[in-house]
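Please look through the sequence and the structure shown here before reading on. The report that follows moves from one residue to the whole and then to selected sites.

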Amino acid sequence: MSLTLHGIGVSKGVAIGKVFILKHDQIEVNEHTLSKHSLDEEIARFENALTIARTQLQRLRTQIPKNSKVDFESFLEAHLLMLDDSMLTRAPIELIQQHRCNAEWALKIQCEHIVEVFAQMEDPYLSARRNDVEQVVARVQRILRGYTEMSSESPESFMDTIVVADDLSPADTVLMQHYGILAFVTEYGGATSHTAILARSLGIPAIVNLSRIRSYIRPDDLLIVDGFRGIVIVAPDDTSLHYYQQRQKEEKRQRAILGKLKSAPVVTLDGTPITLHANIEFPEDMEAVKRVGGEGIGLYRTEFLYMNREQPPNEEEHLEAYLSVIKALKGGTVTIRTLDLGADKQIDSKRQERPLATNPALGLRAIRLCLKDLKLFKPQLRAILRAAAEGPVRMMIPMVSSIQELLQVRKLIAEVGEDLTQRAIPFNPQVSLGAMIEIPAMAICTDLFATQVDFFSIGTNDLIQYTLALDRVDGSVNYLYDPLHPAVLRLIKISIDAANKANKAISMCGEMASDSRYVRLLLGLGLRSFSVHPEAFLEIKQIINNSDLTGLARLANKTLKIYSPNEINKLLEIINSLPG
Ligand code: PEP
Ligand code: MG
C-alpha cells in the first residue's frame with residue numbers, strides 16, 4: 001500500500017528509485033560476565049571481528065572512486081592503523097581475561113578510556129581524532145552484533161538509490177556524491193544546515209526532518225522524493241508514478257529552456273547591470289559553474305578542503321586548489337572565504353560527534369577558531385596571498401563580530417607577507433579583504449566596519465540563525481526560520497544602505513539569494529550583486545533579466561514595516577507577479 005510522508009524539502013527536484021537505508025544509530029552494547037571456560041572462545045570471536053573489520057576497510061580502499069574530491073585513502077589508512085594498534089587489539093583481550101566481560105563490553109570500556117585520553121588533548125585537531133576511534137570501534141561492534149556493515153557496501157550499491165538516514169553530516173554528503181545517489185531523506189536536520197546546502201549545490205533532491213521515516217520503509221522499497229514539496233511516497237501506485245515521471249520530464253524541459261540563458265548578460269529590463277556570481281565548495285564545482293556560464297565566484301567555502309582526511313591541508317594544497325579555480329575562471333574574480341569550521345561543519349563524517357561546546361554555533365567557529373589556532377590559519381592565509389598574485393582573488397572572513405578580529409587579520413596578513421617577502425615568494429599584499437555579514441551586530445554596524453574592509457557579503461543562513469535565535473541544523477525550530485521576518489529584512493536593508501553610502505561593494509551569498517522567491521524583493525531593497533549555487537544560477541538570472549527596477553524599491557521598502565507574515569507574503573506575491 002502506498003504511503004505519503006511529509007518533511008522539509010531542502011533541495012528541489014523529483015527522484016524515483018529504490019531505498020538504501022543507512023544505519024548510523026548508536027549500538028546498544030549487551031554487557032555480561034562470562035564463565036571461565038568460555039574466555040578463549042570469546043577472545044577468538046573478538047579477533048575474528050577485527051579481521052573482518054580489516055578486510056572491510058581493505059576492500060573499501062580498492063573501491064575509492066576515481067577523481068575523488070576527498071582524501072579517502074588517508075581516511076581509511078588511519079582506520080586500518082587503529083585496527084592494528086595494541087590499544088584496540090590487546091587491551092580489550094586483557095579486559096576479557098581479567099574481568100571476564102564479553103567482547104562488546106570490553107571494547108566499550110576500552111573505547112571510553114581512549115576517548116577520554118583524546119578529549120584531554122589540547123590540540124583541537126588531535127582531540128577531534130577521537131571520532132575516528134569511535135568510528136572504528138562502532139565498525140567492530142557492528143560485526144560482533146552480526147549487523148550488515150553499511151560502509152562495507154561497495155559504492156556501487158548506492159548507485160541510483162535514495163539514501164534514507166537518521167541524519168547526515170556535511171562530510172557524509174560529500175562522500176555520497178561520488179556514489180551516484182538519486183536523492184536523500186533524513187529524519188533530522190534544518191533547511192539551511194550545510195548538508196542541505198550541499199544537496200542543493202549538488203542538485204540532489206533532498207528532504208530533511210522526516211521524523212521516523214525508517215520505521216515506515218523496508219530495504220529496496222520504491223520511493224518517490226518530491227524535493228519541491230518535501231514529500232516522500234513509499235511504494236507509489238501507478239497514478240503517482242505516472243504523475244512524477246511526467247514532472248521529471250517537465251523539469252528536464254525547463255532546464256533545457258534555462259540553458260539558453262547561459263551566455264546572456266545579467267541585466268534588468270530597465271538596463272541596470274547586476275553581478276551574478278556562484279558559490280562553490282570544491283575546485284571541481286567549477287565544471288558546474290562553467291556549465292551555467294558563471295564568470296565569478298562570490299563564495300568559495302574552503303572548509304570542505306579539510307573534511308574526510310587525516311591531516312589538515314598544507315599551504316601547497318591550499319594553493320593548488322585556489323590556482324585551479326583561478327585557472328578555470330579565466331580572469332573572473334574568486335572570493336575565497338577563509339576556513340569556517342565548527343558548529344555543524346566538523347572535519348570528518350563521524351556520527352557520534354559530541355559538541356565541543358554547549359552552544360557550538362556561538363562558540364569557537366570560523367574566524368574565532370582561526371585566530372585561536374594560527375597553525376591552522378596561517379597556511380591558508382599564505383596560500384591566499386600567493387594565489388592573489390596569480391589572478392583576481394578576494395579574501396573573505398566569515399562570522400566577523402568585532403573590529404578587533406579584522407585588525408588581527410590585517411596584522412596577520414602583514415606578518416605572513418613579510419615572511420613571504422623574505423623568502424622571495426611572489427604574493428599580492430594588496431589582496432581585497434571582505435567580511436561576511438552574518439551576525440546582527442555586524443549588520444547594524446556595517447557603516448563602522450566599512451572603514452576596515454573592501455567589500456561585504458551577506459550570509460543570510462547565519463544572519464537568520466543569529467537574528468531569530470534558531471539553530472539552523474535543528475529541524476524542530478525550522479518553523480521559525482523566516483527570511484521575510486522584518487528584523488531580517490531590516491538588517492539586510494541597513495547593511496546594503498550603509499555599504500553603498502561608504503562606497504563599499506556588497507553582495508549576498510546566503511541561501512536567500514539562491515531562492516527565486518526573494519530575488520525581486522532583494523533587488524527592491526537595493527541589492528545589485530548575488531552569489532548563488534550553480535544549480536540555481538540560471539533560474540536567478542532569468543528572474544533578474546525579467547525584472548524592472550522601476551517601482552520595486554517602493555514595494556520592497558513596504559515589507560520593512562509589516563509585521564504580519566501573511567501580509568508580507570501577499571506583498572511578495574504582488575512583487576513577484578509584476579509583469580516582467
Ligand atoms: C551564510 O551563513 O549565509 C553563509 C553563506 O555561510 P555558511 O552557509 O557556509 O555558513
Ligand atoms: Mg555562514
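Does Arg 100 count as buried, exposed or partly exposed? In this predicted model, Arg 100 has a relative accessibility of 34% and therefore counts as partly exposed, since that class lies between under 20% for buried and over 50% for exposed. Arg 100 sits in the loop that joins helix H4 (91–99) to helix H5 (103–119), and its phi is near 55°, a positive value in a residue other than glycine.

**The protein as a whole**

The secondary structure of the protein consists of 23 helices and 16 strands. For a compact globule of 580 residues one would expect a radius of gyration near 25 Å, and the protein, with 25 Å, agrees with that. Measured out along the principal axes, its C-alpha trace spans about 85 × 70 × 40 Å. Of the 580 residues in the protein, 58% are buried. Among the contacts with a separation of 6 or more, 71% are made by residues 24 or more positions apart. The accessible surface of the protein comes to about 25300 Å², and carbon and sulfur atoms contribute 51% of this area. The protein carries 65 positive and 72 negative charges, whose mean positions are 5 Å apart.

**The magnesium ion**

Which residues coordinate the magnesium ion (ligand 2)? The ion is coordinated by Glu 438, through OE, and by Asp 462, through OD, at 2.0 Å. Glu 438 belongs to the loop between strand S13 (432–437) and helix H16 (440–444), whereas Asp 462 belongs to helix H18 (residues 460–467), so the pair ties together parts that are 24 residues apart in sequence. Glu 438 is buried, with a relative accessible area of 3%, and Asp 462 is buried as well, with a relative accessible area of 2%.

Asp 462 also appears among the contacts of Arg 472, a residue placed in the loop between H18 and helix H19 (486–501). Arg 472 is buried, with a relative accessible area of 5%. Leaving aside neighbours within four places in sequence, Arg 472 is in contact with Gly 190, Ala 191, Thr 192, Ser 193, His 194, Ile 197, Arg 365, Asn 461, Asp 462 and Gln 465. Lys 375, by comparison, is 97 residues from Arg 472 in sequence, and the two C-alpha atoms are 29 Å apart in space.

**Two residues at 0%**

Ala 278 has its place in strand S9 (residues 275–280) and is buried, with a relative accessible area of 0%. When residues up to four places away in sequence are not counted, Ala 278 touches Val 289, Gly 296, Ile 297, Gly 298, Leu 299, Ser 531, Val 532 and Phe 537. Gly 294 is 16 residues from Ala 278 in sequence, and their C-alpha atoms are 6.4 Å apart.

Leu 527 lies in the loop between helix H20 (519–524) and strand S16 (529–532), and at 0% relative accessibility this leucine counts as buried. Beyond the residues up to four places away in sequence, Leu 527 touches Ile 496, Ile 506, Ser 507, Met 508 and Leu 522.

**Two loop residues counted as exposed**

Thr 33 is found in the loop between strand S3 (14–21) and helix H1 (39–62), and with a relative accessibility of 55% it counts as exposed. With neighbours within four places in sequence left aside, Thr 33 is in contact with His 99, Arg 100 and Trp 105, which leads back to the residue of the opening question.

Lys 330 lies in the loop between helix H12 (315–329) and strand S11 (334–337), and at 72% relative accessibility Lys 330 counts as exposed. The phi of Lys 330 is near 50°, a positive value in a residue other than glycine.

**Separations along the chain and in space**

The table sets out the C-alpha separations of four pairs of residues.

| Pair | Apart in sequence | C-alpha to C-alpha |
|---|---|---|
| Ala 278 and Gly 294 | 16 residues | 6.4 Å |
| Leu 527 and Leu 560 | 33 residues | 15 Å |
| Arg 472 and Lys 375 | 97 residues | 29 Å |
| Thr 33 and Val 133 | 100 residues | 25 Å |

Methods
Residues numbered from 1 in each chain as written. Chains lettered and ligands numbered in written order. Predicted model: local features only at pLDDT ≥ 70, side-chain atom pairs only at ≥ 80, totals over all residues. Heavy atoms only, no water. Donors = N, O, S within 2.8 Å, 3.2 Å for Na, K, Ca; no water. Helix = DSSP H or I, 4+ residues; strand = E, 2+ residues; numbered from the N terminus. Buried < 20%, exposed > 50% of the residue type's maximum accessible area, 1.4 Å probe, protein only. Rg over C-alpha atoms; globule rule 2.2 N^0.38 Å. Contact = heavy atoms within 4.5 Å. Areas by Shrake-Rupley, 256 points an atom, 1.4 Å probe, with all protein chains shown as cover. Lys, Arg positive; Asp, Glu negative; His and termini not counted. Charge placed at Lys NZ, Arg CZ, Asp CG, Glu CD.
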